[in-house]
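User: Please examine the structure shown here and explain how its nonpolar and aromatic residues are arranged.

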Amino acid sequence: QVQVVESGGGLVQAGASLRLSCAASGRTFGHYTMGWFRQAPGKEREFVAAISWSAGNTYYANSVKGRFTISGDNTRNTVSLQMNSLKPEDTATYYCAVSTYGSGDYYFYRNPRTYDYWGQGTQVTVSS
């Protein structure tokens with residue numbers, strides 16, 4: 001059974017940094033992509049960032065570009081999201097997800113339906 005587990009959320013002040021981590025286990029993923037999404041109360045789940053080892057690319061939402069950095073280790077099925085210069089509008093539950101599709105582009109990987117496995121989420125709250 002595939003498990004996706006996030007960690008690292010918390011409460012911080014605006015301008016601070018947080019690092020989220022995610023580990024996937026339970027199967028051999030082969031060529032795959034891991035991504036981060038977030039969902040604030042009353043809003044739809046939105047794409048944050050993704051890393052595709054098969055394509056050798058990273059993808060970012062415009063709202064986080066330059067502030068967030070995604071990295072990972074495909075030999076360990078782990079991914080991290082370094083979040084700097086946090087803003088109150090970054091407050092949300094952050095979800096890690098795994099897509100087993102081996103090829104795609106930014107528009108493909110920003111779509112939540114591309115992802116097969118999801119974590120339970122970790123809360124990030126940024127106070128002003």
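Analyst: A nonpolar core is a set of buried Ala, Val, Leu, Ile, Met, Phe, Trp, Tyr and Cys residues joined through side-chain atoms within 4.5 Å. Buried means under 20% relative accessible area, exposed over 50%, and partly exposed in between (1.4 Å probe, protein chains only). The model is predicted: local features need pLDDT of at least 70, side-chain atom pairs count only at pLDDT 80 or more, and totals for chains, interfaces and linings use all residues. Residues are numbered from 1 along each chain as its sequence is written, and side-chain values use heavy atoms, leaving out hydrogens and water.

User: Which residues have the most contacts inside the largest nonpolar core?

Analyst: This core holds 35 residues. Those with the most contacts inside it are M34, W36, L81, M83 and Y94.

User: How far apart in sequence are the parts that Y59 and Y109 tie together?

Analyst: Rings of Phe, Tyr and Trp (its six-membered ring) pair if their centres lie within 6.5 Å; planes under 30 degrees apart count as stacked, over 60 as edge-to-face and the rest as tilted. Y59 and Y109 form a tilted pair, 5.7 Å centre to centre with 35° between the planes. Y59 lies in strand β6 and Y109 in helix α1 (DSSP runs numbered from the N terminus: helices H or I, at least four residues; strands E, at least two). The pair therefore ties together parts that are 50 residues apart in sequence.

User: Is Y107 buried or exposed?

Analyst: Y107 forms an edge-to-face pair with Y106, at 5.1 Å and 80°. Y106 is partly exposed at 21% relative accessibility. At 60% relative accessibility, Y107 counts as exposed.
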